[in-house]
Each structure stands twice: as C-alpha cells, then as structure tokens.
Amino acid sequence: MSSPNADTPLASLSSGPLQGEPPLGRELTAKLLAISHEYCQAEGGCHGPDHTERVHNLALHIGRLMNARLDILSAAALLHDIGRSHEMLSRGKICHATKGAEMSRTILKGLEFSQEMQDAIIHCIEAHRYRNKKIPETLEAKILFDADKLDSIGAIGIGRAFLFAGQVGARLHNRGVDVKKTRSYSTEDTAYREFLVKLCKIKDKMLTPEGKRLAAERHEFMEVFFKRLDKEIHGSPRNTPDNSQ
Ligand SMILES: [Fe+2]
Ligand SMILES: [Fe+2]
C-alpha cells in the first residue's frame with residue numbers, strides 16, 4: 001500500500017457545489033482517499049475513484065441537509081467500494097459490501113478510529129448495497145445508500161451502465177429482453193437490461209427526502225434516454241406525429 005502523497009486529488013472532494021474543509025480534516029481524508037483510490041483504481045470508470053468521489057460529495061450534500069454525522073459519512077463513502085475487485089474477480093459470488101466492510105475494519109483500526117466510529121462506518125458500508133440483505137438502520141447508512149444509488153441513475157447511471165456492459169463484453173442493446181432468461185456478466189447484460197432489472201426501481205428505494213427528489217428527476221431522464229435509444233435502433237413503434245421527434 002503506497003502512502004498518501006501530494007498528488008492525492010483531495011481538491012476534488014471540495015469541488016463543485018460542495019465547498020469547505022473535509023469533515024475528517026485534510027490529513028485523515030487524504031489517507032482514506034489514497035487507500036480508496038488504491039483499491040478502486042482497477043475498477044475503471046464504473047466503480048473507480050470518480051464514482052467514490054461523486055458518492056462522497058452527494059453523501060455530504062444530503063448529510064448537511066439532514067444534520068448527519070459528516071465524519072462518519074465521509075469515511076464510509078470513501079471506503080464503501082474497496083471490496084469491489086473481489087466481487088468482479090469472483091463474477092458476483094463475493095459481495096463487495098461484506099468484503100469491503102471486513103477490509104475497512106482493519107483500515108479503520110490502523111488509523112485509530114474509535115470503536116464507536118468504526119462500528120458506525122462499518123454499518124454504512126455493509127448496508128450500502130442495493131441487493132444486500134443488510135438494511136441501512138442509521139441516518140448515515142441511509143444517506144450513503146441514497147448517495148450510492150443516485151450515482152447509478154440519471155445521465156451518470158446510463159454512462160456507468162454502458163461502461164459496465166463494456167467491461168463484461170455485453171451488446172449495445174437488447175430490446176425485448178426477457179430478463180428472467182438472461183444472466184449478469186453475460187453478453188445480454190446490457191445497459192438496457194440493467195435499467196429493467198435494477199435502475200428503473202431505484203427511485204422507489206430512496207430513503208431520504210433529498211434522495212427521493214434527486215432520484216425522481218434522474219429517473220425521468222433515463223426513461224427518455226432508453227426510449228430514444230430503442231427508437232434510433234429499431235425505429236418508432238408507430239409512425240405518428242406524436243412520436244416522430
Ligand atoms: Fe457498492
Ligand atoms: Fe458505490
């Protein structure tokens with residue numbers, strides 16, 4: 001594990017609409033960010049460092065609105081996907097949230113986080129996964145859940161779904177797919193399948209008011225996009241003035 005250095009992109013954490021000092025302080029945040037990048041770098045554009053930083057910014061945005069513990073949120077957001085490579089290499093057999101929580105325990109102990117902080121952060125990481133059985137129980141876990149899911153929908157979600165499809169060698173589109181007859185990590189695991197199986201349901205899973213608000217508008221955009229994709233590939237279902245644009 002390389003140590004954090006001056007090249008750590010700490011500035012990106014306070015870019016965009018979220019300004020100010022990192023809740024854990026610059027030094028500790030830089031250490032966590034370096035660890036996070038080290039583990040997530042290989043995941044590319046889909047679950048790589050950019051995703052982690054977007055989730056971090058969104059989590060802090062929602063956290064501020066809800067008076068949540070920003071220190072817990074910050075650490076949990078930075079570490080939430082560090083187990084991802086284990087899930088990818090096992091083609092989905094290992095749950096990255098469970099694995100990431102286990103790895104994070106060691107990291108947090110090493111950085112001398114208090115037992116109370118460790119437990120709170122670990123719970124957020126364990127419970128952030130959409131398909132996991134662990135339910136987010138604390139305010140911070142609910143916020144991380146929403147921030148992570150928000151980054152999988154809207155324009156970002158579409159981009160990430162295509163990146164993931166590319167990683168597993170999937171097709172561009174598979175209209176009329178019967179999702180029950182297709183498998184994850186197969187050539188039929190397209191962005192459209194991901195939309196049908198998961199992304200279209202996310203807006204109804206949000207746990208915070210701001211999460212719900214942002215999810216509704218991102219969902220609307222995805223519907224427009226996939227209709228348009230289908231139309232460009234297959235043409236309009238009916239040639240009427242209403243759907244000819
Ligand atoms: Fe995740
Ligand atoms: Fe994530």
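Let's start at Asn67, which is exposed because just 8 other C-beta atoms lie within 10 Å. The word has a cut-off behind it: a residue is exposed with 12 or fewer other C-beta atoms within 10 Å of its own, buried with 20 or more, and partly exposed in between, the C-beta atoms being placed from the backbone. Before going on, note that this is a predicted model, where local features need pLDDT of at least 70, side-chain atom pairs count only at pLDDT 80 or more, and totals for chains, interfaces and linings use all residues. Residues are numbered from 1 along each chain as its sequence is written, while chains are lettered from A and ligands numbered from 1 in the order in which they are written.

Back to Asn67. You'll find Asn67 in the loop between α3 and α4. Its phi is near 50°, which is a positive value in a residue other than glycine. Glu112 makes a nice companion: Glu112 sits in the loop between α6 and α7, and its phi is positive too, near 60°. Is Glu112 buried or exposed? With 9 other C-beta atoms within 10 Å, Glu112 is exposed.

Now for the whole protein. There are eleven helices and zero strands, where helices (H or I, at least four residues) and strands (E, at least two) are DSSP runs numbered from the N terminus. Read along the sequence, the pattern is simply α-α-α-α-α-α-α-α-α-α-α. Of the 245 residues, 41% are buried. Take the contacts with a separation of 6 or more: 60% of them join residues 24 or more positions apart. Here, two residues are in contact if their C-beta atoms, placed from the backbone, lie within 7 Å.

Next, helix α4, which covers residues 70-79. Why is α4 largely enclosed by the rest of the structure? Nine of its ten residues are buried, and so the helix is largely enclosed. Those buried residues are Asp71, Ile72, Leu73, Ser74, Ala75, Ala76, Ala77, Leu78 and Leu79. They pack against α1 (26-40), α3 (49-65), α6 (96-110), α7 (115-126) and α8 (139-150).

One of those partners, α3, deserves a closer look. The axes of α3 and α4 come within 9 Å and cross at roughly 160°. Axes are lines fitted to C-alpha atoms, for helices over the stretch in contact, and angles run from 0 to 180 degrees between N-to-C directions. The crossing angle makes α3 roughly antiparallel to α4; angles over 145 degrees count as roughly antiparallel, under 35 as roughly parallel, 65 to 115 as roughly perpendicular and the rest as oblique. On the α3 side the contact uses Thr52, Val55, His56, Ala59, Leu60 and Gly63, and on the α4 side Leu70, Leu73, Ser74, Ala77 and Leu78. By class, these residues divide into seven nonpolar, four polar and no charged. For that sorting, Ala, Val, Leu, Ile, Met, Phe, Trp, Tyr, Cys and Pro count as nonpolar, Asp, Glu, Lys and Arg as charged, and the others, Gly among them, as polar.

On to α6. This helix has 15 residues and reaches 21 Å from its first C-alpha to its last, close to the 21 Å expected at 1.5 Å a residue. That expected span is 1.5 Å times one less than the number of residues. Buried in α6 are His96, Ala97, Gly100, Ala101, Ser104, Ile107 and Leu108, and what covers them includes α1, α4, α5 (84-89) and α7. His96 has 25 other C-beta atoms within 10 Å, so it counts as buried. Which residues does His96 touch, leaving aside its neighbours within four places in sequence? They are Asp81, Gly83, Arg84, His86 and Glu87. The C-alpha atoms of His96 and Glu126 are 8.7 Å apart, with their positions 30 residues apart along the chain.

Last stop: α9, residues 154-167, where Gln167 is found. Gln167 has 16 C-beta neighbours inside 10 Å and therefore counts as partly exposed. Not counting residues up to four places away in sequence, Gln167 touches Gly44 and Cys46. The axes of α9 and α11 (residues 209-234) come within 7 Å and cross at roughly 50°, which makes α9 oblique to α11. Here Gly154, Ala155, Gly157 and Ile158 in α9 meet Arg218, Phe221, Met222 and Phe225 in α11.
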